[in-house]
Amino acid sequence: MKKLIVLMMIVFMVCGCSKKDDTAVSEPVVDTVKDPLEVYYGIWKVDKLKVNDSFYSVEELEYMGDYSASDIYIVIKEGGSVYFAELRNDDSYGGSWEFNEDNNSVSIEGAEFMLDEDAYLYAEIDGDYMYLKRYSYSQSITDIPKLEDNTVSEEPVIEDNSNNNVRTGMSDEFMKAMDSYENFIDEYCTFMKKYYDNPNDLSILADYGKFMINLDRYERDFADWESSDMTDEEADYYYKVQLRCNAKLLETLSEMN
């Protein structure tokens with residue numbers, strides 16, 4: 001994680017922002033069928049996201065507490081209609097699509113959707129890439145599954161002990177260390193966003209030294225817990241904190257693009 005933090009600091013201090021990935025995407029794969037648009041018709045479900053050069057499945061995002069891509073379906077219907085269903089938010093709406101003959105893509109709500117070689121439907125959304133997997137060849141909206149039919153990963157809930165406010169299986173010392181580390185990452189990300197918005201503010205540079213001094217201390221303290229004799233509950237929570245902090249750093253890094 002330290003490498004990720006240092007990388008972000010270097011990018012901000014030297015460049016002010018990171019360059020977007022201009023790697024060309026592959027041409028869509030279109031099967032030899034009577035109607036070339038048939039490859040787009042049907043029900044599609046969001047399966048994964050690509051942030052910078054890393055892929056995150058919906059399950060991984062849910063594990064990190066991000067449900068923004070969960071249970072999202074798109075129905076592409078013959079004739080130019082499209083239907084969106086965000087089951088978790090109980091939201092649905094209709095729209096339209098247009099075919100772009102220049103690159104065999106489908107334009108939906110201003111986003112260009114294409115098929116890759118693995119038959120994923122993908123598009124760039126707010127700087128990241130959303131990948132949808134075919135759920136069904138049916139074009140019927142009624143074939144979208146109901147939320148209760150899906151296996152939904154719930155955000156883990158850790159109960160507190162009402163007598164001493166200690167989470168089951170985890171010591172006060174451990175929880176204090178985890179909270180302190182995650183708070184530092186939050187402060188760091190806020191600082192980087194502030195610097196990105198005000199790169200010419202010299203007063204912000206004064207905080208640079210503070211963060212670099214604290215960086216080594218927090219990273220050492222956090223790493224020491226990994227080699228300590230943690231309980232099963234502490235080990236599980238430790239890696240969840242690590243995943244959450246990585247997600248926050250990646251999100252901040254993506255905003256530099």
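Is Lys-248 buried, exposed or partly exposed? Keep that question in mind while the whole chain is on the screen, and keep in mind too that this is a predicted model; the tour comes back to Lys-248 once the helices around this residue have been selected.

**The whole chain**

Begin with a cartoon view of the chain, in which the secondary structure comes to five helices and nine strands. Followed from the N terminus on, the elements run α-β-β-α-β-β-β-β-β-β-β-α-α-α. If you colour by accessibility, buried residues make up 37% of the 257 residues in the chain. Among the contacts with a separation of 6 or more, 64% are between residues 24 or more positions apart.

**The largest nonpolar core**

Select next Tyr-40, Ile-76, Trp-97, Ile-108, Phe-113, Leu-121 and Leu-132, which are the residues with the most contacts inside the largest nonpolar core, a set of 29 residues. Several elements supply at least two residues each to this core, including strand E1 (42–51), helix H2 (58–63), strand E3 (72–77), strand E4 (81–86) and strand E9 (128–136). Strand E1 gives the most to this core, with four residues.

Now centre the view on Ile-108 and show what surrounds this side chain: leaving aside neighbours within four places in sequence, Ile-108 is in contact with Ile-76, Val-82, Phe-84, Ser-96, Trp-97 and Phe-113. From there, move to Ser-81 in strand E4, whose C-alpha is 9.5 Å from that of Ile-108, although the two are 27 residues apart in sequence. Ser-81 counts as partly exposed, because its relative accessibility is 37%. With neighbours within four places in sequence again left aside, the contacts of Ser-81 are Val-75, Ile-76, Gly-95, Ser-96 and Trp-97.

**A buried lysine in strand E1**

Go next to Lys-48, which lies in strand E1. Which side chain of opposite charge is nearest to Lys-48? The answer is Asp-47, at 5.3 Å, and Lys-48 has no salt bridge even though this lysine is buried. To see what does lie around Lys-48, display Phe-55, Tyr-56, Ser-57, Val-58, Tyr-120, Tyr-129, Met-130 and Tyr-131, each of which Lys-48 touches when residues up to four places away in sequence are not counted.

**Helices H3 and H5**

Hide the strands and select helix H3 (residues 172–197) together with helix H5 (residues 232–254), which pack at an angle of about 5° with their axes 10 Å apart. H3 and H5 are therefore roughly parallel to each other. On the H3 side, the residues that make the contact include Phe-174, Met-178, Tyr-181, Ile-185, Cys-189 and Met-192, while Tyr-237, Val-241, Arg-244, Cys-245 and Leu-249 are among those on the H5 side.

Staying in helix H3, pick Phe-191, which is buried, with a relative accessible area of 5%. Tyr-208 is 17 residues from Phe-191 in sequence, and the distance between the two C-alpha atoms is 8.9 Å.

**The salt bridges**

The structure holds four salt bridges, and the tour can now return to Lys-248. This lysine is partly exposed, with a relative accessible area of 23%. The side chain of Lys-248 meets that of Glu-182 in a salt bridge of 3.0 Å, N to O. This pair links distant parts of the chain, since Lys-248 belongs to helix H5 and Glu-182 to helix H3, 66 residues apart. Glu-182 is buried, with a relative accessible area of 11%.

Lys-248 also forms a salt bridge with Asp-186, at 2.8 Å, N to O. Lys-248 is in helix H5 and Asp-186 in helix H3, so this pair ties together parts that are 62 residues apart in sequence. Asp-186 counts as partly exposed, with a relative accessibility of 30%.

For the next stop, select Lys-240 and Asp-236, whose side chains meet in a salt bridge at 2.9 Å, N to O. These two residues are separated by about one helical turn, because Lys-240 and Asp-236 are four residues apart in helix H5. Lys-240 is buried, with a relative accessible area of 12%, whereas Asp-236 counts as partly exposed at 36% relative accessibility. To finish, show Glu-182, Asp-186, Arg-244 and Lys-248 together, which salt bridges with shared partners join into one network.

Notes:
Residues are numbered from 1 along each chain as its sequence is written. This is a predicted model: local features need pLDDT of at least 70, side-chain atom pairs count only at pLDDT 80 or more; totals for chains, interfaces and linings use all residues. Side-chain values use heavy atoms; hydrogens and water are left out. A nonpolar core is a set of buried Ala, Val, Leu, Ile, Met, Phe, Trp, Tyr and Cys residues joined through side-chain atoms within 4.5 Å. Buried means under 20% relative accessible area, exposed over 50%, partly exposed in between (1.4 Å probe, protein chains only). Contact means heavy atoms within 4.5 Å. Lys and Arg count as positive and Asp and Glu as negative; His and the chain ends are not counted. Axes are lines fitted to C-alpha atoms, for helices over the stretch in contact, and angles run from 0 to 180 degrees between N-to-C directions. Angles under 35 degrees count as roughly parallel, over 145 as roughly antiparallel, 65 to 115 as roughly perpendicular and the rest as oblique.
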